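Colleague: Please pick a single part of this predicted model and go through it closely, from its setting in the chain down to individual contacts. Other sites can follow afterwards, and please give your cut-offs as you go.

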Amino acid sequence: MLGTRRSRRRLTTALTGFGLLLAGAACQVGAGTPARAATTHRILFDNAHAETAGNADWIISTSQPDPLGEDASPSAETDWTGALSSWGVALQKAGDYSLKTLPPGSSLSYGGSSSMDLSQFDTLVLPEPNTLFTTAEKTAIMNFVKNGGGLFMISDHTGADRNNDGEDAVEILNDLMANNSVDSADPFGFSIDSLSISSDHPSAISDSTDPVLHGSFGTVTKSLIASGTTATLKPADNSSVKGLLYRTGYSGNTGAFFLTSTFGSGRVAFWGDSSPIDDGTGQSGNRLYDGWNDSSATNAALALNATAWLAGSGGSGSGSGGGGGGGTGSCTAAQLLGNNGFESGNSVWNASSGVITSSTSEAARSGSYYAWLDGYGTATTDTLSQPVTIPSGCTAATFSFFLHVDTAETTTSRAYDTLKVQVLSSSGTVLATLATYSNLDAASGYTQRSFDLSGYAGQTVTLKFTGTEGSKYQTSFVVDDTALHVS
C-alpha cells in the first residue's frame, strides 16, 4: 500500500524533533520568494599573509572574519578599525556586498565546504601580502580565477618586507603568477616591476567605456604613488591585459600602475601601491597615509569601481567574467550566466514561485541559495530559465550545473517525476532536450552535468529546466552552481 504523500520541501530530509518539523513545514506554506537584496557580491579580504605586519594595517576591521561583529551598521569609516575600513564601509553602505576577512592562521582553499573557502566568494582581495603563498594556496587562487572569480592584487614597492622574512609583495605576487601548478606561463599577461618609486600621480587613459574608470562609484582621473611600483604588460601572452593608469611619462606596455586582465572565466586587477587604499586610520601604533581621501587623486572611485567589476557587476568592459556575452565574430573567454550560483536570490532567472530559495531543508552545494524544483508531493510543474547570447566567434560553449535528486518514490523501474533540461529559441521553440532526469536518478550529494552548446554560437537561446511531479510521493530536483563557459 502506498504511503502518505509527503508535503512540499524536503520533509524526507531528517529534521530534528517534531517541533522543528512543524516549524519547517510552516515556513514553506505561503512563504513565497525569500527577501533578498537584488545582488550580493561576496568579497574576501586576505589577512592570513602578514597584511598587518610592521606598520601595515591592511584590514577592513579588527572583527574577523565578519566585520559586522564590530559594527553591524557602520556609517563612518571609524566605525570599523583598520586602514582599509573606508573601503569596507563604503561597500557595506552600498547595500549589495557581503564582506569577510580571512584571519591570521588560516589558509586559502578552493573547492571545499568551509564557509571561508574561495568557492563561497566572488572576489579575493590580496592587499600587499607579506608571506609567500603555499603551493596549495597558489593552486586554489589560480583555479578560483580560472573558474570565474575576481582577483585584486595590490603590491607595494620593492623592499617593503614588513615582517623581515626576506619576501616583499612584489616577489610574492610574481611568485603566484610564475610558480603555480595551474598556469605558470604568464597567465595574466604582466609581471610586477622591481621598483621603488617615491612619488607620482599616474593618470588614467582616455576610455569612456571602461567600467573601472567610469563606474557606478564615480569617474577615475588620477591615482597616487607614495613609494610604490608599476607593472610591465605582455599582451602577446594574454591579449586581455590592459593598462588603465600609467606612471608619468609612460604608456603602452611599460609603467602601468593600475591594470586589468582576465584568466579563464575570471577577472584580475593590479595596483602598484597600497597607499591609495590607506585611509589614514587604523590600529594604534601603525604609521599610515591617507591616500583614500587625498583630493589630488580619485583613489576611492578606483578601488570601488574595480571591486564591482571584479565581482561581475561593472559591465562587460575590458574583460570577461560573470554575465558577459553578445558580439559577433570574436570570442572572449567568459562565463555567461547571470546569478549563476543563485546567491542574488530571485534575480536574472525566470523561475516559478519559491524555486530559488535558501531553505535549510535542502543543502546548497555552495553559498546559501539554490534552485529547488518540485518536491511538493502533488501534481506540480516548476520551471527555471534564463536567456543567453552565445557569441558567434566562440568555438567552445559548455553548459554545466550540479544536480541533486532525492525522492520518496519506492519504485526502481518507473520514472514518475521528471526534470527536463532544454534549449529553446528566442521564440520559445524547443531546439533540443539535453537530458531528462527522474526519480530513478535519486542519489546522495550533487553530481555535475555538462553539455556542449557550441552549435548555438551566434544565437540567443533560453536554457530551461522543467520539473514535473506526479500525484504521488515527492521527488526534489535541486540545482546549484550553473555555468555557461565559452571560449
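Modeller: Of the 487 residues of the protein chain, 51% count as buried, meaning under 20% relative accessible area, with exposed as over 50% and partly exposed in between (1.4 Å probe, protein chains only). The model is predicted, so local features need pLDDT of at least 70 and side-chain atom pairs pLDDT 80 or more, while totals for chains, interfaces and linings use all residues. Residues are numbered from 1 along each chain as its sequence is written, and side-chain values use heavy atoms, leaving out hydrogens and water.

The chain has five helices and 25 strands; these are DSSP runs numbered from the N terminus, helices being H or I of at least four residues and strands E of at least two. Its accessible surface comes to about 18500 Å², with 48% belonging to carbon and sulfur atoms (Shrake-Rupley method, 1.4 Å probe; for residues, only the protein chains shown count as cover). Among contacts between residues at least 6 apart in sequence, 73% join residues at least 24 apart, a contact being heavy atoms within 4.5 Å.

The part I have chosen is helix α4, residues 169–178. Seven of its ten residues are buried, so α4 is largely enclosed by the rest of the structure. Those seven are Ala169, Val170, Ile172, Leu173, Asp175, Leu176 and Met177. Their packing partners are β3 (123–127), α3 (135–146), β4 (150–154) and β5 (190–192). In general, an α-helix has 3.6 residues a turn, so residues three or four places apart point the same way. At the start of α4, a side-chain oxygen of aspartate 168 comes within 3.1 Å of the backbone nitrogen of valine 170. This is a polar contact: a pair of N or O atoms within 3.5 Å where, within protein, one must be able to donate a hydrogen and the other to accept it, and residues adjacent in sequence count only if both atoms are side-chain atoms.

Helix α3, one of the elements that α4 packs against, has twelve residues and spans 16 Å from first to last C-alpha, close to the 16 Å expected (1.5 Å times one less than the number of residues). Its buried residues are Glu137, Lys138, Ala140, Ile141, Met142, Phe144 and Val145. The cover over them includes β3, β4 and α4, together with β13 (256–263) and β14 (266–271). Glycine 148, which follows α3, has a positive phi near 120°.

The loop between β3 and α3 holds asparagine 130, which is buried with a relative accessible area of 0%. Its side chain reaches the backbone nitrogen of arginine 162 at 2.9 Å. Leaving aside neighbours within four places in sequence, the contacts of asparagine 130 include Ile172, Glu167 and Asp165. Since Ile172 is one of the buried residues of α4, this loop residue touches the helix directly.

Away from α4, valine 479 in strand β25 (residues 475–486) is also buried at 0%. Beyond four places in sequence it touches Phe342, Tyr370, Ala371, Leu373, Phe401, Phe402, Leu403 and Phe465. The C-alpha atoms of valine 479 and phenylalanine 465 are 9.4 Å apart, with these positions 14 residues apart along the chain.

The whole structure holds 17 aromatic pairs, that is, rings of Phe, Tyr and Trp (its six-membered ring) with centres within 6.5 Å; planes under 30 degrees apart are stacked, over 60 edge-to-face and the rest tilted. One of them joins phenylalanine 399 and phenylalanine 401, tilted at 45° with centres 5.5 Å apart. Phenylalanine 399 is buried at 0%, and phenylalanine 401 is likewise buried at 0%. Arginine 365 lies over the face of phenylalanine 402, 3.5 Å from the ring centre (NZ of Lys or CZ of Arg within 6 Å of the centre and within 35 degrees of the ring normal). Ring pairs also link Phe45, Trp87, Phe152, Phe258, Trp271 and Trp292 into a cluster.

Some backbone details remain. Glutamine 64 and proline 65 are joined by a cis peptide bond with omega about 15°, and proline 65 sits in the loop between β1 (41–46) and α2 (85–94). Serine 227, in strand β10 (residues 225–228), has a positive phi of about 75° although it is not a glycine; at 28% relative accessibility it is partly exposed. Aspartate 374, in strand β18 (residues 370–374), has a phi near 65° and is buried at 0%.
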